[in-house]
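Here is a walk through the charged pairs and contact surfaces of this structure. Have the 3D view open as you read.

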Amino acid sequence: MTNKDIHSLAKVIEKKSLSHVNESTSNIVIDEPPPEMCFSCKGTELLCGKSRCPIILKAESMTRVSPTSDSNNIAGSTPPGIFVGRHGYPKVSIGPMTPNFHGDTEILDTPEQWYGKSIDEIVDYRHSLIRGSTNVDVKQASTGGRLVENIQELAMASQPVELELKLTKKPQNRLSFNENSQPFGPSAPLDHFSTGNVTVDQRIEKAYYDRDQKSANGIVELYDKGVLVSRIQKTLSAGNLGIGNNRKFVPTRWGITAVDDTISKSLIEKIKDRPTIDDFRVYVLRNLDNLYVTILLPTQWQFEWIEAWFTNTTWNLWGKEPYIIGDHETYYGRKKYARVGGCYYSTRLAVAESLLSENKQAGAILLREIHPGYILPVGVWNVRESIRHQLKTNYESFDNLSDTLDHAFSQLNISKNQWLNSSYLLNHVLFQKRLTEYL
Amino acid sequence: MSFVAKTKSPAEWKLIMNVVSTIVEEPSFEANAEGIQFRGMDPSHVAMIDLNWPNASFEKYECDKEFKLTLRIEELSKLIKRAKQNNSISISAEDDEYLIVKLENGRKREFQIRLIESSQSPQQVPKLALDSRIVIDKGVFEDTLNDVGAVADHITIETNNDEIKFIGNGDAGKAEITLNKSDEGVSEISSKVESKATYSLQYLLSILKAIGTTAETISIEYSNKMPFKIEFRLGEVGGYINFYLAPRIDDR
């Protein structure tokens, strides 16, 4: 980091938080030339319209949690964490991740434990993991080799593992002035790494040794045995599942959605045999300045997820009105990948899981408003865990559709008509007649 | 006590599998001395299929008591797909445990699939006296639906005595397709009163896709804010498949 960079940072965050940062030891690199707007604003005027400056948030988090040592050697307890990149697929970067401290670090890479944490804490978790990366072809997951096997073993760990990373240079923490990027910890090319004793999760180990099982079946079996979704995602990404010779590393981001999709499909097949719920329900939850309203209908399984990005939020910086986008499926499911992306599958999992635990099926319409206080996208786990949590809370129960919708829309800022313009299922339940009315 | 129904080719069975699977996963077919019937609604009670396949349609047909044959359509469909164009298909049952499928006229192939318990109660057909009737080439109708589908999820159909309009309104824009009695592919447009109603394209497109190329012309009937009915023939001797679809009424 140059003195100029430190000087720039000193303008936007408190000087005392920079007291231990100096030119030779800091590993913070300013990634992109700061846009003029940000520098004339310096976080004081919030010209971008967000309720807090995301760049300052990330800068503060980096100075708070990032290691400032100038060493190429990092030692700590890995949660366990591994990362598989998607750029350059099928040649991707993979590697272990660890903080530079020891202890029970599990929470750092376990989103199931993040519900209720502040955005600052979540960004801290992300920033504290240092990644050593090396390039492989995804197919190397089936051909092995020492490095590959070590990463695969690490991904099976049931508890944090002592890890030493030897990097080819000092890890760099990129402070991206693209204010919409997800926070990531520092990284550097990996020379090699070594681990202490790894206690493996026997459920995952069994799936690893079953080289005749398709990965989809492996995913569902692990879920049925109670393995956390985030651990199954890691298992898939590490190439620890599937028919032996076909195993591949799966980019973390793809693996997350593949697992949400696969598990929710299997749950949906089960709930389709169950009786429908007896009432109309509205669940409301606010988390990280997102507002979630979930409507459950006493119908056969159908599902819709719609999100409304308010102006001044990540995916709608310059719009004049909220940007609304959604997708749905009927009883028979959907074939095309949802336009809204991975959050569709994460929330479908949360809903299907809740219905199955009640032994019921229902139609589900989920409406999400993203308000300007959600200053950074933190990942699809956020919606999965929020909806899981929401469906465990109290709900308002109704005996007819009209009262249900009146209550649901009274909780939301966007009008009923705007939602109706974007929603397939709302239109369907409101206006589609049934043949039973004509018998 | 047995039921046997043999057809010269797999074509009708393939059609039935395609059509029925658009609305139910576990259909119950009824077989009796008159022939095979099926009646079922989709889980949301929006669409219905009413099918009658009389005994005279078959090369061989025997049924000495009533059989209720409930099965997972995916499983039967897989077997029917194994048949080649020139294979004859014989479907039989002796009890309510198994359905036996024989593919003949070539290597002798025999399959058994397990029958399951029926979860559906008997269905009635909607009682309808519909005002407008159109007889049209299946291809022309499907094309028109796809035109409207390019901009909308729903189709509004407006008929007066000489012409019929298909209208779609979506986020992106509008579509309007007009057909006259004189247009190629249109055999009949008749309307007791001007009729206008709106239907879900998703259901219509999936049923037309399932019909495939087996029907050349289809007849359509509907009325103001009433269900829509498509009728097409099954075989040459009085068999039919009727498809019913409830309307969408936006009374905002």
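## Where two domains of chain A meet

Start with a pair you can click on right away: Asp260(A) and Arg384(A) form a salt bridge through their side chains, with N and O 3.0 Å apart. Keep in mind that this is a predicted model. Chain A is assigned three domains, running over 3–195 for domain 1, 202–262 for domain 2 and 280–438 for domain 3. Between domain 2 and domain 3 of chain A, the rule picks out 2 salt bridges, along with 4 residue pairs in polar contact. On the domain 2 side, helix 9 (229–237) and helix 10 (252–271) of chain A each bring at least two residues to the surface touching domain 3. Helix 10 of chain A gives the most to that side, with 4 residues. By type, the domain 2 residues there split into 3 nonpolar, 2 polar and 2 charged.

How far apart are the C-alpha centres of domain 2 and domain 3 of chain A? They sit 28 Å apart. The contact draws on 7 residues from domain 2 of chain A and 10 residues from domain 3 of chain A. Together these two domains bury about 670 Å², and carbon and sulfur atoms give 52% of that.

Asp260(A) and Arg384(A) also belong to a salt-bridge network, whose other members are Glu353(A), Glu385(A) and Arg388(A).

## Chain B against chain A

Now for the contact between the chains. Chain B puts in 34 residues and chain A 20 residues. The area buried between them is about 2,300 Å², with 56% coming from carbon and sulfur atoms. On the chain B side, Glu25(B), Pro43(B) and Arg252(B) lose the most area to chain A, together 22% of what that side buries.

How many salt bridges does the rule find across the interface of chain B and chain A? It finds 1, and the partners are Glu25(B) and Lys272(A), at 3.6 Å from N to O. The interface also has 9 residue pairs in polar contact. Strand 4 (47–54), helix 4 (201–211) and strand 18 (239–245) of chain B each supply at least two residues of the side that touches chain A. That side of chain B is made up of 18 nonpolar, 6 polar and 10 charged residues.

Lys272(A) has a partner in its own chain too: Lys272(A) and Glu269(A) form a salt bridge at 3.5 Å, N to O. Lys272(A) is buried, at 9% relative accessible area, whereas Glu269(A) is partly exposed at 47%.

## Other charged pairs in chain A

Side chains of opposite charge can pair when their charged atoms come close. Over all chains, the search turns up 29 salt bridges. One of them joins Lys91(A) and Asp137(A), with the closest N and O atoms 3.1 Å apart. Lys91(A) lies in strand 4 (residues 91–98) of chain A and Asp137(A) in strand 5 (residues 130–137) of chain A, so this pair ties together parts 46 residues apart in sequence. Lys91(A) is exposed, with a relative accessible area of 53%, while Asp137(A) counts as buried at 18%.

Another pair worth a click is Asp201(A) with Arg203(A), a salt bridge with N and O 2.8 Å apart. Is Asp201(A) buried or exposed? Asp201(A) counts as buried, at 8% relative accessibility. Arg203(A), at 32%, counts as partly exposed.

Notes
Residues are numbered from 1 along each chain as its sequence is written. Chains are lettered from A and ligands numbered from 1 in the order in which they are written. This is a predicted model: local features need pLDDT of at least 70, side-chain atom pairs count only at pLDDT 80 or more; totals for chains, interfaces and linings use all residues. Side-chain values use heavy atoms; hydrogens and water are left out. Contact means heavy atoms within 4.5 Å. Buried area is the accessible area (1.4 Å probe) that two parts lose on being put together, summed over both. A salt bridge is a side-chain nitrogen of Lys or Arg within 4 Å of a carboxyl oxygen of Asp or Glu. A polar contact is a pair of N or O atoms within 3.5 Å; within protein, one must be able to donate a hydrogen and the other to accept it, and residues adjacent in sequence count only if both atoms are side-chain atoms. Ala, Val, Leu, Ile, Met, Phe, Trp, Tyr, Cys and Pro count as nonpolar, Asp, Glu, Lys and Arg as charged, and the others, Gly among them, as polar. Buried means under 20% relative accessible area, exposed over 50%, partly exposed in between (1.4 Å probe, protein chains only). Domain bounds come from an automatic or database domain assignment.
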